[in-house]
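Me: Please examine one part of this model closely, together with its immediate surroundings. I would like the description to be connected and every geometric term to be given with its cut-offs.

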Amino acid sequence: MSLKEVLCQERGISLLRRAFAAGRVPHAYIFAGGEGIGKFKTASEWGKVLLCREPIFGDGDSVDSCGRCDSCRLVDSDAHPDFSIVYKELIEFTREGKNKKAPLDLPIDVIREFVVEKVSTRPSLSERKVYIIREAEKLNISSQNCLLKALEEPPEYCCIILLCTRLESLLATTRSRCQIIRFGPVGEDLIFEKLHNSGIGADAGRYFARLSGGSMGLACRWGALESSGAGLYKIKKEVVESIVKLEYGEIPDAAADLLEKSKAISKAWVEAEGATSAKDISRQAAKSVVRMAISALYDAMNLHLQRETTTVNSDQSDMIQELAGRFSAEQLAEMVSDCYEILRWIESNVNERLIFEQLLFNLAGSDRISA
Ligand SMILES: [Zn+2]
């Protein structure tokens with residue numbers, strides 16, 4: 001792959017190329033934007049350009065990696081000595097980290113041992129060294145303060161790229177030392193086309209493309225789960241139906257059922273992706289189920305407001321109408337906001353059964369229970 005094959009991020013890529021052509025590549029970037037919209041892909045391909053021995057120059061400022069030199073080949077096979085991808089699960093490979101479980105945040109030991117202590121040694125193969133820090137929104141304050149040592153006085157050969165979904169989670173001191181490049185959502189039709197080409201049916205493909213909100217990564221992951229027989233689309237239809245038909249007395253059973261569904265998604269996901277942290281995947285699966293609920297509430301709310309927006313659940317418009325008949329626009333808006341609160345609970349590791357019970361209490365229009 002090369003930079004020109006990254007989809008829908010032309011604006012950010014042209015900023016990168018312009019700086020390269022002018023000989024002013026910053027020592028630190030923040031690539032900011034939602035999950036799965038191409039930040040990692042762009043960072044990897046950009047790193048490959050920075051390390052390439054014979055970059056190819058096209059029209060204007062256009063530049064790309066050659067794909068053939070020893071540097072490009074080593075990046076492609078994940079073996080380039082000057083190219084590092086830093087993520088929280090590396091804790092296991094730190095000096096004190098043996099048997100430590102993957103943490104919720106990005107710990108200081110990972111930043112110290114995999115970035116700060118390493119930037120001072122010169123590159124061994126290329127002219128530069130590239131560090132990509134994944135999930136930078138999970139850098140805690142001490143990790144960010146530690147990283148500042150590398151950001152404040154970076155060696156001239158060093159380029160650090162922070163990938164971040166929530167810019168506000170980074171300290172002003174971190175942000176001010178990096179060039180911020182913003183990444184926008186990928187177009188729905190492009191996502192649909194990709195899903196369709198991988199064999200996903202039209203209804204499911206259109207639904208996943210809309211639900212993803214422009215996250216190609218998330219949509220493709222759902223698509224892959226669907227193809228692996230995890231029945232994600234069937235689950236979503238059941239989730240929407242159960243929201244519409246939900247009775248107060250059924251909440252415990254319905255919560256157990258949602259928990260089962262979330263676990264089924266999570267199991268298929270772990271099988272498909274192997275190496276990533278099972279705990280993270282279980283959180284992602286739970287979030288996927290909550291997102292399904294949010295999309296149905298939004299659709300019903302928009303029906304009330306007669307907004308000219310795209311209906312995510314257009315395949316279940318009868319259900320959405322029923323939902324709109326059951327709750328007012330204000331009630332639906334409040335339920336959507338409660339569901340976002342639940343997404344935050346998932347991030348802070350609240351017990352999953354409690355999460356689904358609270359979700360259903362919200363959806364049944366009842367008072368809150370306390371966490
Ligand atoms: Zn090359």
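Reply: Two strands are said to pair if DSSP finds at least two bridges between them. The strands themselves (E, at least two residues), like the helices (H or I, at least four residues), are DSSP runs numbered from the N terminus. The model is predicted, so local features need pLDDT of at least 70 and side-chain atom pairs count only at pLDDT 80 or more, whereas totals for chains, interfaces and linings use all residues. Residues are numbered from 1 along each chain as its sequence is written, and side-chain values use heavy atoms, with hydrogens and water left out.

The part chosen here is an open sheet of five strands, paired in parallel and ordered 4-5-6-1-7. Its edges are formed by strand 4 (83-86) and strand 7 (179-182), each of which pairs on one side only. On average, and with direction ignored, neighbouring strands of the sheet are turned by 20° against each other; axes are lines fitted to C-alpha atoms, for helices over the stretch in contact, and angles between N-to-C directions run from 0 to 180 degrees. Within the sheet, five bridges join strand 1 (residues 28-32) to strand 6 (residues 158-164) in the parallel sense. Ile-30, for instance, has Leu-162 of strand 6 as its bridge partner.

Helix 4 (residues 108-119) packs on this sheet and touches strand 4, strand 5 (129-133) and strand 6, where contact means heavy atoms within 4.5 Å. The direction of helix 4 makes about 160° with that of strand 5.

Two loops that adjoin strands of the sheet hold residues with an unusual backbone feature to record. Asp-78, in the loop between helix 3 (70-76) and strand 4, has a positive phi of about 55° although it is not a glycine. Asp-78 counts as exposed because its relative accessible area is 70%; the classes are buried under 20%, exposed over 50% and partly exposed in between (1.4 Å probe, protein chains only). Glu-135 lies in the loop between strand 5 and helix 5 (141-152) and likewise is not a glycine, yet has a positive phi of about 50°. With 26% relative accessibility, Glu-135 is partly exposed.

Side chains elsewhere complete the surroundings. Arg-134 lies over the face of Phe-40, 3.7 Å from the ring centre; the criterion is NZ of Lys or CZ of Arg within 6 Å of the ring centre and within 35 degrees of the ring normal. Glu-45, in helix 2 (residues 39-51), is buried because its relative accessible area is 8%. Beyond its neighbours within four places in sequence, Glu-45 is in contact with Met-1, Ser-2, Leu-3 and Val-6.

In terms of domains, whose bounds come from an automatic or database assignment, the chain is divided into domain 1 (3-182), domain 2 (186-225) and domain 3 (228-363). The centres of domain 1 and domain 2, taken over C-alpha atoms, are 27 Å apart. Six residues of domain 1 are in contact with eight residues of domain 2.
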